[in-house]
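User: I have a structure to go through with you. Short questions, short answers, please.

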Amino acid sequence: MAAVTIKSEREIELMREAGRLLAQVHEELAKTIRPGISTKDIDTTCEQLIRECGGTPNFLHYDGYPASVCVSVNEEVVHGIPRPDRILQEGDIVSLDTGLIYKGYHADAARTYGVGEITREAEKLIRVTRESFFRGIGLARAGRHLHDISNAIADYVISYGYGIVHDLVGHGIGTCLHEPPYIPNYPQRRRGIKLKAGMTLAIEPMINLGTGEVEWLDDGWTVVTADHRLSAHYENTVLITDREPEILTLL
Ligand code: MF3
Ligand code: CO
């Protein structure tokens, strides 16, 4: 695999700007979530928000992906394609994964929301998925190893008995949406590469209520849980430093 890039101060500043813009897009997008809205409506708003702030959607046309955001409902894990006939219902959970490119630098982040009232079981899955991200970055700093992140996420999720998706992983990010290294969310025996200040990583646990097994739908994109139980996703673009990591896609 190609080497993991270390960003210069100038590049880090641009990654910060891209990340801040994406955080704002997510905050605005969250306000659109309610019963009756279509997943296509979310995409339309998302593309508008990204372009209004001077960014370009980086998911749009990526490997032929047809939208600016992945909208994954309930048993859909990731890469749900927005559709005008897919209407959010009270009690659904919905993951919004979107990204943008700004002055040549990519940011990538995902959030999972409840639509109106949701079950306590669904609330807890969403909360633990988000918390697993923070566990993951808890020790992420220069001198530690990549798989410290993976193992911290995995230990936390396993303690709740949830299923970890193995078939999809987090990734480095920078002038490309996907750069080395892969960042698994499941337990690793090896330590992985040594983390260095200036690495920028998209860390993204995808966690299932049941088993971690997934399947692909015939549209070639949508990933669903094999047991059709709920799945949640939480992702931020993170900068590794000599101290605490900097979460670039949170305000
Ligand atoms: N956010 C996704 C990831 O982290 C990217 C989605 S792929 C796309 O890998 F085609 F939908 F853009
Ligand atoms: Co990502």
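User: Which residue of S14 does Thr-200 stand opposite?

Analyst: This is a predicted model, so every value here is computed from it. S9 covers residues 200–203. S9 and S14 (residues 236–239) pair in the antiparallel sense over four bridges. Across that pairing, the residue opposite Thr-200 is Leu-239.

User: Are the residues on the two faces of strand S9 buried or exposed?

Analyst: Take one side first: Thr-200 and Ala-202 sit there. Leu-201 and Ile-203 are on the other. Both faces are covered, and these residues are all buried.

User: What is the bridge partner of His-171 in S9?

Analyst: Strand S7 (residues 170–172) pairs with S9 in the antiparallel sense, over two bridges. Within S9, His-171 has as its bridge partner Ala-202.

User: What is the strand order of the open sheet of five strands?

Analyst: The pairing in this sheet is antiparallel. Strand S8 (179–183) and strand S15 (246–247) stand at the edges, each with a single partner strand, so each has one side without a neighbour in the sheet. S15 pairs with S14 over two bridges. The full order is S8-S7-S9-S14-S15.

User: And which residue of S15 is the bridge partner of Val-238?

Analyst: S14 and S15 run antiparallel to each other in their pairing. The bridge partner of Val-238 in S15 is Ile-247.

User: With which side chain does the side chain of Lys-7 make a polar contact?

Analyst: Lys-7 lies in the segment before helix H1 (9–30). Lys-7 is buried, with a relative accessible area of 7%. Beyond its neighbours within four places in sequence, Lys-7 is in contact with residues including Ile-173, Glu-179 and Gly-198. The polar contact of its side chain, at 3.0 Å, is with the side chain of Thr-200.

User: What is the strand order of the open sheet of three strands?

Analyst: Pairing is antiparallel in this sheet too. Strand S6 (163–164) and strand S13 (231–233) each have a single partner strand, so one side of each is left without a neighbour in the sheet. S6 pairs with strand S10 (residues 206–208) over two bridges. The order is S6-S10-S13.

User: Which residue in S10 is the bridge partner of Ile-164?

Analyst: The S6 and S10 pairing is antiparallel. In S10, Ile-164 has the bridge partner Ile-207.

User: At about what angle does helix H3 run to S13?

Analyst: Helix H3 spans residues 120–137. The helix lies across S10 and S13. Its angle to S13 is about 35°.

User: How many of the ten residues of strand S4 are buried?

Analyst: S4 covers residues 93–102. Strand S2 (residues 69–73) pairs with S4 over five bridges, and strand S5 (residues 105–114) pairs with S4 over ten. S4 is largely enclosed by the rest of the structure, because the buried count is nine of the ten.

User: Which residue of S5 does Ile-101 stand opposite?

Analyst: S4 and S5 form a hairpin with two residues between the strands. There, Lys-103 takes a positive phi near 50°. The residue opposite Ile-101 in S5 is His-106.

User: Which residue of S4 does Pro-57 stand opposite?

Analyst: Strand S1 (residues 56–57) pairs with S4 in the antiparallel sense, over two bridges. The S4 residue opposite Pro-57 is Leu-100.

User: What is the relative accessibility of Ser-68?

Analyst: Ser-68 is found in the loop between S1 and S2. Leaving aside neighbours within four places in sequence, Ser-68 is in contact with, among others, Asp-43, Pro-57, Phe-59 and Thr-98. Ser-68 counts as buried, at a relative accessibility of 0%.

User: How much of the area that ligand 1 exposes when taken alone does the protein bury?

Analyst: The residues surrounding ligand 1 include Tyr-62, Cys-70, His-79, His-171 and Trp-221. A polar side-chain atom of Asp-97 lies 2.7 Å from a nitrogen atom of ligand 1. Oxygen atoms of the ligand are 2.9 Å from a side-chain N or O atom of Asp-108 and 2.6 Å from a polar side-chain atom of His-178. Taken alone the ligand exposes 330 Å², and the protein's share of that is 95%.

Methods:
Residues numbered from 1 in each chain as written. Chains lettered and ligands numbered in written order. Predicted model: local features only at pLDDT ≥ 70, side-chain atom pairs only at ≥ 80, totals over all residues. Heavy atoms only, no water. Pairing = 2+ DSSP bridges. Contact = heavy atoms within 4.5 Å. Axes fitted to C-alpha atoms, helices over the stretch in contact; angles between N-to-C directions. Buried < 20%, exposed > 50% of the residue type's maximum accessible area, 1.4 Å probe, protein only. Near = heavy atom within 4 Å. Polar contact = N/O pair within 3.5 Å; in protein donor to acceptor, adjacent residues only side chain to side chain. Areas by Shrake-Rupley, 256 points an atom, 1.4 Å probe, with all protein chains shown as cover.
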